[in-house]
Amino acid sequence: MDNLIRLNIKGISYSQTQTGAYALILEEKVGGRKLPIIIGSFEAQSIALALEKDINPPRPLTHDLFVSLGKEFHLNVDSIYIYKLEDGVFYSNIIFLNEDGQRAEIDSRTSDAIALAVRFNAPIYAYEHVVEKAGIHLDVMQEEDENIKRATQFEDDIDLLVGLENDLNEYEGWTKDELDIEMKKAVQNEDYELAARLRDQIDNMEN
């Protein structure tokens, strides 16, 4: 795992006025880069509930069912890793281990992989080239502004989670440098959804 980077969940960024998507914010365990990943509302709720240990849904969610199956058949999630970013989509694998130590590697949507990783207390990794391509650098901003807030307070806001759909039409015709400046402003304002979409638009321009 020499070229894998350990990531922690920073939070889930959301909006109470717009619907459609959420941004799951992953952060380097050692380093200043953050990795915003656009996910759906169900996955956002599932991850948030798993992080908030004191809240239990009345019936098992889909990811909870996987945990029950894993326990019944002695399967454990050893780790997950994000191995590719293509056209704005992150690709991940889940590493399963059985009680005999046999290993299986299963392709998965990144949001599902992380929802299971939280439930199994498994580490989350990404390859260096993925973080380098999609990570947002905050080193300079963190030095200049010591009052940057946390992306989300799960305990107080789980029931307020709603989607976000950003319209980038207003940025048509902008140069890469202009988009890059706007992306950094979005990060400073903790608008990670917009930052992720601007990042993808910059990436499309470069390709």
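Let me begin with a rule: two rings of Phe, Tyr or Trp (for Trp, its six-membered ring) count as a pair if their centres lie within 6.5 Å, and the pair is called stacked if the planes are under 30 degrees apart, edge-to-face if they are over 60, and tilted for the rest. By this rule, the count comes to three aromatic pairs. One of them joins Y81 and Y127, which meet edge-to-face, with 5.6 Å from centre to centre and 85° between the planes. Y81 lies in strand β4 (residues 75-86) and Y127 in strand β7 (residues 124-127), so this pair ties together parts that are 46 residues apart in sequence; strands here are DSSP runs of E with at least two residues, helices are runs of H or I with at least four, and both are numbered from the N terminus.

Before I go on, please keep in mind that this is a predicted model, in which local features need pLDDT of at least 70 and side-chain atom pairs count only at pLDDT 80 or more, while totals for chains, interfaces and linings use all residues. Residues are numbered from 1 along each chain as its sequence is written, and side-chain values use heavy atoms, with hydrogens and water left out.

Are the two partners buried or exposed? Y81 is buried, with a relative accessible area of 10%, whereas Y127, at 22%, counts as partly exposed; buried means under 20% relative accessible area, exposed over 50%, and partly exposed in between, with a 1.4 Å probe and protein chains only. Y81 and Y127 also belong to one aromatic cluster together with Y83 and Y91.

Y91 leads us to a charge, since the charged end of K84 sits over the ring of Y91, 4.4 Å from its centre. The charged end of R6 likewise sits over the ring of Y125, at 5.9 Å from the centre; the rule asks for NZ of Lys or CZ of Arg within 6 Å of the ring centre and within 35 degrees of the ring normal.

Let me turn to R103, which lies in strand β6 (residues 103-109) and is exposed, with a relative accessible area of 56%. Leaving aside residues up to four places away in sequence, R103 touches I95, F96 and L97, where contact means heavy atoms within 4.5 Å. R103 and V77 are 26 residues apart in sequence and 9.8 Å apart in space, C-alpha to C-alpha.

Finally, for the chain as a whole, the secondary structure comes to eight helices and eight strands, and buried residues make up 47% of the 207 residues.
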